[in-house]
Amino acid sequence: MTVQALPVAPRRVPLLGHVLSLARDPIAFLQQLRAHGEIVTFYLATRPVHLVNSPDLIRKVLVTEAHHFQRGEIFTKARQLFGDGLATADEPEHMRQRRMIQPAFHAQRIKSYVAVMREQVGEITGSWVSGTPIRLDHELTRLTLLVTAKALFSAELGRSAVDEVCRSLGPVLNGLAKRTMIPVELLERLPTPGNRKFDTALHRLTTVVDDVITAYRADGVDHGDLLSMLIATEGLSDGEIRTQVLNLLMAGTETTATTLAWVFHELGRNPVVLGQVVAELQTVLNGQPVDADRLSELTYINRVLTETVRLHTPIWLVTRKTTAEVRLGDVTLAPGSEVMVSMPTLHRDPALFPGPMRFDPDRWLEPAARDSFIPFGAGAHKCVGDRFAWAEMAVVVAGICTRWHLRPRPGRPVREVARAFLRPSSLPMIPVAR
């Protein structure tokens, strides 16, 4: 088949395509397209996008045929806003930047970050009052931001700077996702309340980062962290350094916070799983704080994290664009074709994961379960900080579950919302001291 012969998603609306279906419930829309074939075309207005559903073909897009693809529309939009950084760049620029930043995520460096992670968990949870409800999703966003800032940019940001990043990062990322789905770029420039909110948040975010860079340059001290390394790199302007900082904040804060929010949501409604988590912590840690050497012994917690990422994969869409003619199965895609991969659609395929909506950490006792699992992307663009994120999540789970029992707040249902990430609508919980 050629690209023209691909099956097309039903209920296409003239001029709008499938924009309304995507806006209404994007995950449900993409999920139901799986029944129409391994590659299905849907339309953003008049622009065709090809959703790839088969795990084998997804690996071709991301790994074996990746040299015939460049990053797609969402990354084009991000580059316009954040610059050409590690999370947005195409090859060969991406590989150059990856090699520059990779040392910050070496296994030995991650071990040194565990103490920072543990300290920040204690700082955030130290303000909780037993029996008093909290917005756990907000608390976790603040926590992961502090961990990223302390580990990679070790100088103190200051409370106002942290508060500003917490306030601005979410609206910027959500606005970015929305703009990817807007078929007419002119709409982005209209003075609507949403666009004004987005522009204001982006300005505040870049201003905070610029202030941090200016402070680093002014004190002239090598803090031994990633930001000091970037400042010392010959030829990098402040604008290029800001791009890398924004890219790392974007990639390292919201994804981890969102996954952790789903972890505690699932523990709150699965008391048997929570009981096994607490039992493992008592056995492995025996009342001692978690350290880097003990993380590998938390095998059940690792399965809980893996199952959370499968069921609630935070990055719900990945876009690519062909740079040459590409053969995917029986289909030939022409140069310039837009391709999309939806990780939740893959990870909720009942043919790959029986009972896909059931939260079951023990499914990962079977090695075959990992064959179609792509938690951090794949190939050259696989997340550079995956081991950092995994260590951070394990430390947070250990630190919180050792001291607190987080109970769901009665009468406050949690919905799945697909914005920049697949996140809970809100997560009110009641901490009870153990």
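Reader: Which residues are linked with Glu307 in a network of salt bridges?

Author: Glu307, Arg310 and Arg363 are joined in such a network, where a salt bridge is a side-chain nitrogen of Lys or Arg within 4 Å of a carboxyl oxygen of Asp or Glu. This is a predicted model, in which local features need pLDDT of at least 70 and side-chain atom pairs count only at pLDDT 80 or more, whereas totals for chains, interfaces and linings use all residues. Residues are numbered from 1 along each chain as its sequence is written, and side-chain values use heavy atoms, with hydrogens and water left out.

Reader: What makes the pair of Arg310 and Glu307 a salt bridge, and where do the two residues lie?

Author: The N to O distance between the side chains of Arg310 and Glu307 is 2.9 Å, and since the rule asks for a nitrogen within 4 Å of a carboxyl oxygen, the pair is therefore called a salt bridge. Both residues belong to helix 14 (residues 299–311), where they are 3 residues apart, about one turn of the helix; helices (H or I, at least four residues) and strands (E, at least two) are DSSP runs, numbered from the N terminus. Arg310 and Glu307 are both buried, a word that stands for under 20% relative accessible area, while exposed means over 50% and partly exposed lies in between (1.4 Å probe, protein chains only).

Reader: How many salt bridges does this rule give, and what is the N to O distance for Arg34 and Asp349?

Author: The count comes to 14 salt bridges. For Arg34 and Asp349 the N to O distance is 3.8 Å, which satisfies the limit of 4 Å, so the pair qualifies. This pair ties together distant parts of the chain, 315 residues apart, with Arg34 in the loop between helix 2 (26–32) and strand 1 (39–44) and Asp349 in the loop between helix 15 (343–347) and helix 16 (386–403).

Reader: Why is Arg34 given the class it has, and is Asp349 buried or exposed?

Author: Arg34 has 22% relative accessibility, which falls between the two limits, and therefore counts as partly exposed. Asp349 has a relative accessible area of 12%, below the lower limit, so Asp349 is buried. Another salt bridge, between Arg135 and Asp137 at 2.7 Å from N to O, also joins residues of two classes, because Arg135 is partly exposed at 34%, whereas Asp137 is buried at 4%.

Reader: What sets the phi of Leu15 apart, and is Leu15 buried or exposed?

Author: Leu15 has a positive phi of about 70° although it is not a glycine. Leu15 sits in the segment before helix 1 (19–24), and its relative accessibility of 72% is over the upper limit, so Leu15 is classed as exposed. Ala45 also shows a positive phi in a residue other than glycine, near 60°, but Ala45 is buried, with a relative accessible area of 12%.

Reader: How do you know that strand 1 and strand 2 pair, and where is Ala45 in relation to them?

Author: Two strands pair if DSSP finds at least two bridges between them, and strand 1 and strand 2 (47–52) have 6 bridges in the antiparallel sense, Phe42 being partnered by Val49 in strand 2. The two strands form a hairpin with 2 residues between them, and Ala45 is in the turn.

Reader: Which strand pairs with strand 2 in the parallel sense, and what does Leu51 stand opposite there?

Author: Strand 8 (residues 338–341) pairs with strand 2 in the parallel sense over 4 bridges, and Leu51 stands opposite Met340. Leu51 has a relative accessible area of 0%, so it is buried. Neighbours within four places in sequence aside, the residues in contact (heavy atoms within 4.5 Å) with Leu51 include Leu30, Leu33, Ile39 and Phe42.

Reader: What is the order of the open sheet of 3 strands, and what makes strand 4 and strand 9 edge strands?

Author: The order is 4-12-9, with antiparallel pairing. Strand 4 (134–135) and strand 9 (404–408) are the edges, as each pairs on one side only. Strand 9 and strand 12 (residues 428–433) pair over 5 bridges, with Met429 in strand 12 as the partner of Pro408. Helix 16 packs on the sheet, touching strand 9 and strand 12, and its direction makes about 90° with that of strand 9; axes here are lines fitted to C-alpha atoms, for helices over the stretch in contact, and angles run from 0 to 180 degrees between N-to-C directions.
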